[in-house]
Amino acid sequence: MGSSKLLDATTIALGGTAAVAVAGLGYASLVERNLFQLREETLPILPPGSRPLRVLHLSDIHMAPRQAAKTRWLQGLARLEPDLVVNTGDNLSHHKGVEPLLEALGPLMRFPGVFVPGSNDYFAPVLNNPLRYFSGPSKHRTGREPKALPWAELFRSFGNAGWIDLSNRSQSVAMGNLRLDFTGVDDPHIDRDSYAGYPAGSSTSSDARHLKIAVAHAPYQRVLDYFTDGGAHLILAGHTHGGQVCIPGYGALVTNCDLPTWRARGLTDWEHKGRSIPLNVSAGIGTSRFAPVRFACRPEAVLLTLTER
(Lines give C-alpha, C1' and ligand atoms only; values in the text may rest on other atoms or scores of the structure.)
Protein backbone atom coordinates (compact mmCIF):
# COMPACT_ATOMS: atom_id res chain seq x y z
CA MET A 1 0.00 0.00 0.00
CA GLY A 2 1.39 3.44 -0.92
CA SER A 3 2.10 6.02 1.74
CA SER A 4 -0.78 8.22 0.60
CA LYS A 5 -3.22 5.32 0.86
CA LEU A 6 -1.85 4.43 4.30
CA LEU A 7 -2.34 8.02 5.41
CA ASP A 8 -5.90 8.00 4.07
CA ALA A 9 -6.65 4.75 5.96
CA THR A 10 -5.19 6.15 9.18
CA THR A 11 -7.21 9.34 8.81
CA ILE A 12 -10.40 7.35 8.30
CA ALA A 13 -9.64 5.16 11.35
CA LEU A 14 -8.93 8.16 13.58
CA GLY A 15 -12.02 9.90 12.29
CA GLY A 16 -14.08 6.83 13.10
CA THR A 17 -12.65 6.66 16.60
CA ALA A 18 -13.44 10.31 17.18
CA ALA A 19 -16.99 9.80 15.93
CA VAL A 20 -17.48 6.90 18.34
CA ALA A 21 -16.12 9.02 21.21
CA VAL A 22 -18.44 11.90 20.36
CA ALA A 23 -21.41 9.54 20.12
CA GLY A 24 -20.53 7.98 23.47
CA LEU A 25 -20.23 11.38 25.12
CA GLY A 26 -23.55 12.44 23.66
CA TYR A 27 -25.22 9.29 24.99
CA ALA A 28 -23.63 9.71 28.43
CA SER A 29 -24.59 13.37 28.75
CA LEU A 30 -27.98 13.47 27.03
CA VAL A 31 -29.44 10.00 27.50
CA GLU A 32 -28.08 7.76 30.25
CA ARG A 33 -27.87 10.38 32.99
CA ASN A 34 -31.67 10.70 32.66
CA LEU A 35 -32.40 6.96 32.55
CA PHE A 36 -33.49 6.85 36.19
CA GLN A 37 -34.12 3.39 37.59
CA LEU A 38 -35.31 1.78 40.79
CA ARG A 39 -33.11 -0.99 42.13
CA GLU A 40 -34.99 -3.36 44.45
CA GLU A 41 -33.40 -5.56 47.10
CA THR A 42 -34.79 -7.90 49.77
CA LEU A 43 -32.91 -8.41 53.03
CA PRO A 44 -33.98 -10.95 55.71
CA ILE A 45 -32.54 -9.07 58.71
CA LEU A 46 -35.54 -8.21 60.92
CA PRO A 47 -36.18 -9.94 64.24
CA PRO A 48 -38.66 -12.85 64.08
CA GLY A 49 -42.25 -11.68 64.23
CA SER A 50 -41.57 -8.33 62.54
CA ARG A 51 -43.67 -7.18 59.61
CA PRO A 52 -41.79 -6.28 56.40
CA LEU A 53 -40.26 -2.79 56.30
CA ARG A 54 -39.87 -0.87 53.04
CA VAL A 55 -36.90 1.53 53.04
CA LEU A 56 -36.38 3.96 50.16
CA HIS A 57 -32.71 4.94 49.90
CA LEU A 58 -32.00 8.23 48.07
CA SER A 59 -28.55 9.66 47.50
CA ASP A 60 -26.57 12.18 45.45
CA ILE A 61 -29.51 14.00 43.91
CA HIS A 62 -27.28 17.01 43.05
CA MET A 63 -30.26 19.20 42.28
CA ALA A 64 -29.97 22.37 40.19
CA PRO A 65 -32.68 24.55 38.63
CA ARG A 66 -34.47 23.37 35.49
CA GLN A 67 -34.06 19.61 35.99
CA ALA A 68 -37.61 18.69 35.07
CA ALA A 69 -37.05 15.01 34.24
CA LYS A 70 -35.33 14.37 37.56
CA THR A 71 -38.07 16.26 39.42
CA ARG A 72 -40.89 14.24 37.85
CA TRP A 73 -39.13 10.95 38.51
CA LEU A 74 -38.44 11.76 42.17
CA GLN A 75 -42.03 12.86 42.71
CA GLY A 76 -43.22 9.59 41.21
CA LEU A 77 -41.36 7.55 43.83
CA ALA A 78 -44.08 8.45 46.33
CA ARG A 79 -46.23 5.76 44.70
CA LEU A 80 -43.98 3.19 46.41
CA GLU A 81 -45.46 4.19 49.80
CA PRO A 82 -42.21 3.52 51.71
CA ASP A 83 -42.25 3.07 55.47
CA LEU A 84 -39.03 5.06 55.72
CA VAL A 85 -36.95 7.34 53.50
CA VAL A 86 -33.17 7.44 54.05
CA ASN A 87 -31.33 10.31 52.35
CA THR A 88 -27.54 9.94 52.31
CA GLY A 89 -26.61 13.42 51.16
CA ASP A 90 -25.22 15.51 48.30
CA ASN A 91 -28.65 16.90 47.58
CA LEU A 92 -27.47 20.10 45.89
CA SER A 93 -25.36 21.13 42.92
CA HIS A 94 -26.32 24.82 42.75
CA HIS A 95 -26.92 27.65 45.21
CA LYS A 96 -30.50 27.90 43.88
CA GLY A 97 -31.10 24.16 44.25
CA VAL A 98 -33.08 24.06 47.49
CA GLU A 99 -36.44 25.15 46.08
CA PRO A 100 -36.44 22.69 43.14
CA LEU A 101 -35.17 19.95 45.46
CA LEU A 102 -38.06 20.46 47.87
CA GLU A 103 -40.48 20.49 44.93
CA ALA A 104 -39.07 17.15 43.79
CA LEU A 105 -39.04 15.56 47.24
CA GLY A 106 -42.32 17.10 48.43
CA PRO A 107 -44.49 14.01 47.89
CA LEU A 108 -41.90 11.85 49.69
CA MET A 109 -41.55 14.14 52.69
CA ARG A 110 -44.91 13.00 54.07
CA PHE A 111 -43.21 9.70 54.96
CA PRO A 112 -40.90 9.25 57.96
CA GLY A 113 -37.28 9.95 57.06
CA VAL A 114 -33.71 10.37 58.23
CA PHE A 115 -30.78 12.11 56.52
CA VAL A 116 -27.08 12.87 56.64
CA PRO A 117 -25.33 15.53 54.54
CA GLY A 118 -22.61 15.26 51.95
CA SER A 119 -20.04 17.88 51.04
CA ASN A 120 -22.30 19.11 48.21
CA ASP A 121 -24.92 20.09 50.73
CA TYR A 122 -22.41 22.48 52.31
CA PHE A 123 -20.32 23.57 49.34
CA ALA A 124 -20.95 24.05 45.62
CA PRO A 125 -19.04 21.73 43.28
CA VAL A 126 -16.03 23.10 41.46
CA LEU A 127 -14.64 22.38 38.02
CA ASN A 128 -11.89 19.75 38.27
CA ASN A 129 -9.78 17.75 35.87
CA PRO A 130 -11.52 14.32 35.87
CA LEU A 131 -8.12 12.59 35.77
CA ARG A 132 -7.50 13.83 39.33
CA TYR A 133 -9.94 11.17 40.60
CA PHE A 134 -7.46 8.46 39.62
CA SER A 135 -4.90 9.90 42.04
CA GLY A 136 -7.17 9.53 45.08
CA PRO A 137 -10.30 11.01 46.69
CA SER A 138 -11.11 14.57 45.63
CA LYS A 139 -10.36 17.33 48.10
CA HIS A 140 -10.79 21.09 48.04
CA ARG A 141 -7.55 22.57 46.82
CA THR A 142 -5.62 25.09 48.89
CA GLY A 143 -6.34 28.63 47.79
CA ARG A 144 -9.71 27.78 46.27
CA GLU A 145 -12.35 28.60 48.84
CA PRO A 146 -15.53 26.65 47.97
CA LYS A 147 -18.77 28.56 47.65
CA ALA A 148 -21.16 27.90 50.51
CA LEU A 149 -24.57 26.43 49.72
CA PRO A 150 -27.78 27.18 51.72
CA TRP A 151 -27.41 24.05 53.85
CA ALA A 152 -29.17 25.56 56.89
CA GLU A 153 -32.30 26.17 54.81
CA LEU A 154 -32.11 22.62 53.50
CA PHE A 155 -31.70 21.07 56.96
CA ARG A 156 -34.50 23.21 58.36
CA SER A 157 -36.87 22.16 55.57
CA PHE A 158 -36.11 18.48 56.13
CA GLY A 159 -36.58 18.94 59.87
CA ASN A 160 -39.91 20.72 59.40
CA ALA A 161 -41.10 17.66 57.48
CA GLY A 162 -40.12 15.44 60.40
CA TRP A 163 -36.97 14.01 58.85
CA ILE A 164 -34.30 13.35 61.47
CA ASP A 165 -30.81 14.78 61.09
CA LEU A 166 -28.30 12.04 61.96
CA SER A 167 -25.16 14.15 61.58
CA ASN A 168 -22.92 12.68 64.31
CA ARG A 169 -26.09 11.73 66.20
CA SER A 170 -28.12 8.71 67.18
CA GLN A 171 -31.84 8.35 67.70
CA SER A 172 -34.46 5.64 68.15
CA VAL A 173 -37.77 5.59 66.30
CA ALA A 174 -40.70 3.26 66.95
CA MET A 175 -42.21 1.79 63.81
CA GLY A 176 -45.03 -0.65 64.40
CA ASN A 177 -43.79 -3.46 66.63
CA LEU A 178 -40.16 -2.64 65.86
CA ARG A 179 -37.68 -0.12 67.27
CA LEU A 180 -35.26 1.36 64.77
CA ASP A 181 -31.98 2.47 66.35
CA PHE A 182 -30.18 4.90 64.04
CA THR A 183 -26.66 6.23 64.09
CA GLY A 184 -25.14 8.54 61.50
CA VAL A 185 -22.18 10.75 60.78
CA ASP A 186 -21.53 14.02 59.03
CA ASP A 187 -19.63 13.64 55.77
CA PRO A 188 -16.42 11.59 56.17
CA HIS A 189 -15.20 12.87 52.80
CA ILE A 190 -14.49 16.25 54.37
CA ASP A 191 -13.51 14.78 57.74
CA ARG A 192 -16.64 15.86 59.60
CA ASP A 193 -17.48 12.41 60.95
CA SER A 194 -17.62 11.80 64.69
CA TYR A 195 -19.24 8.52 65.65
CA ALA A 196 -21.88 8.87 68.37
CA GLY A 197 -22.67 5.17 68.84
CA TYR A 198 -26.25 3.97 69.22
CA PRO A 199 -28.97 5.18 71.61
CA ALA A 200 -28.28 3.71 75.05
CA GLY A 201 -31.89 3.08 76.08
CA SER A 202 -32.71 1.12 79.19
CA SER A 203 -30.85 -1.88 80.56
CA THR A 204 -33.45 -4.17 78.94
CA SER A 205 -33.77 -2.33 75.61
CA SER A 206 -31.79 -4.98 73.76
CA ASP A 207 -34.50 -7.53 74.62
CA ALA A 208 -37.14 -5.69 72.55
CA ARG A 209 -37.41 -6.12 68.78
CA HIS A 210 -34.97 -3.66 67.27
CA LEU A 211 -32.82 -3.01 64.22
CA LYS A 212 -29.61 -0.98 64.14
CA ILE A 213 -29.23 1.12 60.98
CA ALA A 214 -26.06 3.13 60.28
CA VAL A 215 -26.02 5.97 57.77
CA ALA A 216 -23.18 7.92 56.12
CA HIS A 217 -22.66 9.82 52.92
CA ALA A 218 -19.18 8.60 51.96
CA PRO A 219 -18.41 4.92 52.71
CA TYR A 220 -14.84 5.24 53.92
CA GLN A 221 -13.52 2.02 55.41
CA ARG A 222 -12.86 3.55 58.85
CA VAL A 223 -16.54 4.53 59.03
CA LEU A 224 -17.80 1.13 57.95
CA ASP A 225 -15.52 -0.46 60.56
CA TYR A 226 -16.79 1.56 63.49
CA PHE A 227 -20.39 1.08 62.40
CA THR A 228 -19.75 -2.68 62.28
CA ASP A 229 -17.99 -2.72 65.63
CA GLY A 230 -20.97 -0.87 67.10
CA GLY A 231 -23.35 -3.68 66.16
CA ALA A 232 -25.01 -2.35 62.98
CA HIS A 233 -27.45 -4.64 61.21
CA LEU A 234 -27.49 -2.50 58.03
CA ILE A 235 -25.27 0.27 56.60
CA LEU A 236 -26.46 2.74 53.95
CA ALA A 237 -24.19 5.13 52.01
CA GLY A 238 -23.78 6.91 48.68
CA HIS A 239 -21.09 9.29 47.37
CA THR A 240 -19.46 6.99 44.79
CA HIS A 241 -21.96 7.63 41.96
CA GLY A 242 -21.36 3.95 41.24
CA GLY A 243 -18.17 5.04 39.48
CA GLN A 244 -20.30 7.31 37.23
CA VAL A 245 -18.34 6.43 34.08
CA CYS A 246 -17.84 2.66 34.03
CA ILE A 247 -16.50 0.07 31.65
CA PRO A 248 -19.19 -2.37 30.48
CA GLY A 249 -18.44 -5.85 31.78
CA TYR A 250 -15.84 -4.52 34.22
CA GLY A 251 -17.45 -1.82 36.31
CA ALA A 252 -16.21 1.22 38.19
CA LEU A 253 -12.71 2.63 37.84
CA VAL A 254 -12.90 4.94 40.87
CA THR A 255 -15.01 5.39 44.01
CA ASN A 256 -13.71 8.80 45.17
CA CYS A 257 -12.92 7.25 48.55
CA ASP A 258 -10.99 4.23 49.82
CA LEU A 259 -13.82 1.78 49.12
CA PRO A 260 -12.79 -0.95 46.63
CA THR A 261 -14.19 -0.30 43.16
CA TRP A 262 -16.14 -3.57 43.08
CA ARG A 263 -18.23 -2.19 45.96
CA ALA A 264 -18.94 1.11 44.17
CA ARG A 265 -22.62 0.29 43.80
CA GLY A 266 -25.02 -2.34 45.06
CA LEU A 267 -25.57 -4.58 48.05
CA THR A 268 -22.52 -6.35 49.47
CA ASP A 269 -21.42 -7.62 52.89
CA TRP A 270 -18.90 -5.57 54.84
CA GLU A 271 -16.71 -7.76 57.05
CA HIS A 272 -14.73 -6.61 60.06
CA LYS A 273 -13.44 -8.51 63.08
CA GLY A 274 -15.59 -11.54 62.35
CA ARG A 275 -18.83 -9.66 61.70
CA SER A 276 -20.50 -9.44 58.30
CA ILE A 277 -22.98 -6.59 57.76
CA PRO A 278 -25.11 -5.77 54.69
CA LEU A 279 -23.81 -2.60 53.03
CA ASN A 280 -25.90 -0.82 50.43
CA VAL A 281 -24.06 1.78 48.35
CA SER A 282 -26.33 3.76 46.06
CA ALA A 283 -25.06 4.82 42.65
CA GLY A 284 -26.98 8.03 43.21
CA ILE A 285 -29.50 9.99 41.21
CA GLY A 286 -27.58 12.97 39.84
CA THR A 287 -24.13 14.25 38.95
CA SER A 288 -22.10 17.36 39.55
CA ARG A 289 -23.26 20.07 37.15
CA PHE A 290 -19.65 20.26 35.96
CA ALA A 291 -19.62 16.57 34.97
CA PRO A 292 -23.16 15.83 33.73
CA VAL A 293 -22.42 12.39 32.30
CA ARG A 294 -23.08 8.76 33.17
CA PHE A 295 -21.90 5.77 31.19
CA ALA A 296 -22.71 2.11 31.99
CA CYS A 297 -23.92 3.39 35.37
CA ARG A 298 -27.55 4.50 35.36
CA PRO A 299 -28.84 6.79 38.10
CA GLU A 300 -30.84 5.00 40.75
CA ALA A 301 -32.90 5.04 43.89
CA VAL A 302 -33.02 1.85 45.94
CA LEU A 303 -36.04 0.20 47.55
CA LEU A 304 -34.96 -2.20 50.29
CA THR A 305 -37.61 -4.58 51.58
CA LEU A 306 -36.52 -5.81 55.00
CA THR A 307 -38.06 -9.08 56.13
CA GLU A 308 -37.70 -11.27 59.20
CA ARG A 309 -34.62 -13.47 59.37
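Me: In which strand does Asp181 lie?
Reply: The model is a predicted one. Within it, Asp181 falls in the strand that spans residues 178–184, which is β7.

Me: Is Asp181 buried or exposed, and what is its relative accessible area?
Reply: Buried residues are those under 20% relative accessible area. Asp181 meets that criterion, so it counts as buried, with a relative accessible area of 3%.

Me: How many of the residues of β7 are buried?
Reply: Both faces of the strand are covered. On one side Leu178, Leu180, Phe182 and Gly184 are buried, and on the other Arg179, Asp181 and Thr183 are buried. The strand is therefore largely enclosed by the rest of the structure, the buried count being 7 of the 7 residues.

Me: With which residue does Asp181 form a salt bridge?
Reply: Side chains of opposite charge can pair when their charged atoms come close. For Asp181, the closest N and O atoms of the salt bridge are 2.9 Å apart. Both residues of the pair are buried, and the partner of Asp181 is Arg179.

Me: Which residues does Asp181 contact, leaving aside its neighbours within four places in sequence?
Reply: Strand β7 pairs with β6, residues 169–175, in the antiparallel sense, and with β8, residues 210–215, in the parallel sense. The contacts of Asp181, leaving aside neighbours within four places in sequence, are Gln171, Ser172, Tyr198, Pro199, His210, Leu211, Lys212 and Ile213.

Me: Which residue in the turn between β6 and β7 has a positive phi?
Reply: The two strands pair over 7 bridges, and Arg169 has Gly184 in β7 as its bridge partner. They form a hairpin with 2 residues between them. The turn residue with a positive phi, of about 65°, is Gly176.

Me: What is the bridge partner of Phe182 in β8?
Reply: Strands β7 and β8 are joined over 6 bridges in the parallel sense. Phe182 is one of the buried residues of β7, and its bridge partner in β8 is Ile213.

Me: Which residues make up the uncovered face of β10?
Reply: In a regular strand the side chains alternate between the two faces of the sheet. In β10, residues 266–272, the covered face consists of Gly266, Thr268, Trp270 and His272. The uncovered face consists of Leu267, Asp269 and Glu271.

Me: Which residue in β11 stands opposite Asp269?
Reply: Strand β11 covers residues 275–281 and runs antiparallel to β10, with 7 bridges joining the two. Opposite Asp269 in β11 stands Pro278.

Me: With which residue does Asp229 form a salt bridge?
Reply: The closest N and O atoms of this salt bridge are 3.9 Å apart. The pair links distant parts of the chain, 44 residues apart, with Asp229 in helix α6 and its partner in the loop between β10 and β11. Asp229 is partly exposed at 44% relative accessible area, whereas the partner counts as exposed at 69%. That partner is Lys273.

Me: How many residues apart are Arg39 and Glu300, whose side chains meet in a salt bridge?
Reply: Their salt bridge has an N to O distance of 3.0 Å. Arg39 belongs to strand β1 and Glu300 to strand β12, residues 300–308. Both residues are buried, and their separation along the chain is 261 residues.

Me: How far apart in space are Pro44 and Thr307, C-alpha to C-alpha?
Reply: Pro44 is found in strand β1, residues 37–46, and is partly exposed at 48% relative accessible area. Not counting residues up to four places away in sequence, it touches Thr307, Glu308 and Arg309. Pro44 and Thr307 are 263 residues apart in sequence, yet their C-alpha to C-alpha distance is 4.5 Å.

Me: Which element gives the most residues to the largest nonpolar core?
Reply: This core has 31 residues, and those with the most contacts inside it are Leu58, Leu74, Leu77 and Leu105. The elements that give two or more residues to this core are β2, α2, α3, α5 and β12. The element that gives the most, with 4 residues, is α3.

Me: How many residues are in the second, separate core?
Reply: Among its members are Val116, Phe182, Leu234 and Leu306. Phe182 is a buried residue of β7. The size of this second core is 23 residues.

Definitions and conventions. Residues numbered from 1 in each chain as written. Predicted model: local features only at pLDDT ≥ 70, side-chain atom pairs only at ≥ 80, totals over all residues. Heavy atoms only, no water. Buried < 20%, exposed > 50% of the residue type's maximum accessible area, 1.4 Å probe, protein only. Contact = heavy atoms within 4.5 Å. Pairing = 2+ DSSP bridges. Salt bridge = Lys/Arg side-chain N within 4 Å of Asp/Glu carboxyl O. Core = buried A, V, L, I, M, F, W, Y, C linked by side-chain atoms within 4.5 Å.
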